[in-house]
Amino acid sequence: MTGSVPPPVEVRGLVKLYGELTAVAGVDLTVHAGDVYGYLGPNGAGKTTCLRMMLGLIRPTEGTVRLFGRDPLETVQALDDVAGFVEAPTFYPYMSGRRNLELLAAFDGDDASDRIDHALETVELSDRAKDRVGGYSHGMRQRLGIAAALLRDPKLLLLDEPATGLDPAGMRDMRLLIRRLADQGMTVLLSSHLLAEVEELCNRVAIVRRGEIVYEGAIADLKRSAGATYRLSTTNDERALHVCRAQPGVGDVRVVHGRISFTADDPAVAELSQALIEAGALITMLAPQTVTLEDLFFSLTEGDGVGNGLASAQAGTGDHAPAKAEASS
Amino acid sequence: MSSISGTAEGLRPGAGVAGRARRRPGVGTVYRWELRKLRYQKRTYLGLGAAAIVPILFVVAVQFRHHRAGGGDFAFASYLTKSGLVFPLVILLFGAIWLFPLITALVAGDIFASEDHNGTLKTVLTRSLERWQIFAGKALTALTYAIVAIAIDGTVAVIAGSIESGFNSVQTLSGSIVSAPKGLELVYLSLLVYLIPIATVVCIGLLLSTITRNSAAAVVGTLMISLLFQLIGVLPGLSATTPYLLSTQFNAWQGLLRQPIDWSPIVRAAWVCALYGLPALGTAFLVFLRRDVAGG
């Protein structure tokens, strides 16, 4: 993002300490206008803490958050173009869904009765709008949370695990809604454990591990940085293994489930094929493996230092850095 | 069943809150909605119901006692059968021990802690209100509730007492007799003065509600602090502290029932209560302003 218009989210050096515990350790991330940005990490990685700091709910130990150039800790006006929820959306259980939305609209300086009807229709809660929220299912509260967020007509939507508690149809509809909102120009930052969902929805991701960002950037770049992974079977796998290890341009050679696995680009694969034939190890199977976001997520968030190659690849130094996707398979 | 149908017309994603014609919400918005929220909560009616029923029970008890023995050994006791206007004053005497602190604490101790319990603080803090506005609206609501409870109690006591003993003239603590209308005026002025220590209890309740983030702990804690003051007041050797105890200030209204009016206990109540209440309120304010909202 260039120019004078500040990005929807700009986080720099964000740290949150709870005594000896480091919940967030120096997070830097930028969400550009129009991004559907996935914020990924295992449980306890500090995602929710980070989202709370972005919304001004938690005071960082160090670092800054800027939403459209404004600090949410300095003024609530920083949230004017922002809506969403952290963890499960929460409401006053003794009031109806509609009354809760009326309260929130009033807290936005808006009486908005017609807009509330539209929001309730959008999440298909119109028929339960007069019921107390205390009687709502988790999924219904999740949908009410979306309605409450949409009431603000946000430019930036922050959603923490938005599909949690929804049935399969609800999860599908949530994806469609986020896609539709993004198509209408809304910037979305969502944390999720559903990696297939993130892969389908998001164009950029940050992957966090133990409070630190181990990758931030486009999903496409992440996959490209991982290199292409192949599986190989030959008439003489032992010999083929030696050939692979000796072949220039072929990396991360290992045996996985009785088959040889390696990473290489297309020219290197062609040369390897020739070398195998010359070595008398005739190819019976050579198949490219699709690297999923899930594979990359695990390689970045599990084990020690596994993600270093990918993280450095982000900086353009590791176009052929070996993916460790197979390590988890 | 499809559960989310997409963006309906009427919502304009991307327009932003600032993009709509609107006024910025303020303390008044929070105050109105906090009062509205009280209407939905059982504890509201529990406290106000107690404030209304205690005078009625008291009148019934006095009626039985009058038939069996008559009189009593507390201030105004001998006048209970002569004027109904004495009833609210006697209830103020006894209510200071735990009744009014408890009724006050029911809302003051709960008003922040229940937001923590429901996890709703994060919901309201991510709208368009500054934290201080939310604090001010809630503090005003807790005070309003206490005022309404005292007003209900006093009014019910005047009506029930007048039905029992008549709307008659009252003898002041100086021995002079004042007319019934003047007596009524003194009763309501007494209620007003009574609100000084009650406001301090509100402040203590708000502090405990903010710090403990636990409704039961804050309500009980507020009551315990009130009872602790009562206990210190009766401990031998600590009589020098009595004029400066919160519990003593609950009797300041009695200065109004002397002729001429004795303002000294009322003035003392004002500054003593300020010494207890303002630090509690200020601390609650700062804690609320700076606290991390990590739960819910």
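Of the 329 residues in chain A, 53% are buried, where buried means that 20 or more other C-beta atoms, placed from the backbone, lie within 10 Å of the residue's own. Keep in mind that this is a predicted model, with local features needing pLDDT of at least 70, side-chain atom pairs counting only at pLDDT 80 or more, and totals for chains, interfaces and linings using all residues. Residues are numbered from 1 along each chain as its sequence is written, while chains are lettered from A and ligands numbered from 1 in the order in which they are written.

Sticking with chain A, its C-alpha atoms fill a box of roughly 80 × 40 × 40 Å along the principal axes. You'll find 11 helices and 13 strands in there; these are DSSP runs numbered from the N terminus, helices being H or I with at least four residues and strands E with at least two. Take the contacts (C-beta atoms, placed from the backbone, within 7 Å) between residues at least 6 apart in sequence: 69% join residues at least 24 apart.

The domain assignment splits chain A into domain 1 (1-81 + 156-223), domain 2 (85-153) and domain 3 (224-328), with bounds taken from an automatic or database assignment. In chain A, 16 residues of domain 1 touch 15 of domain 3. On the domain 1 side, α6 (195-201), β8 (204-209), β9 (212-218) and α7 (219-226) of chain A each supply at least two residues, and α7(A) gives the largest share, 5 residues.

Now for chain B. It has 11 helices and 2 strands, running α-α-α-α-α-α-α-β-β-α-α-α-α along the sequence. Here 45% of the 296 residues are buried.

Notes
Two residues are in contact if their C-beta atoms, placed from the backbone, lie within 7 Å. A residue is buried if 20 or more other C-beta atoms lie within 10 Å of its own, exposed if 12 or fewer, and partly exposed in between; C-beta atoms are placed from the backbone.
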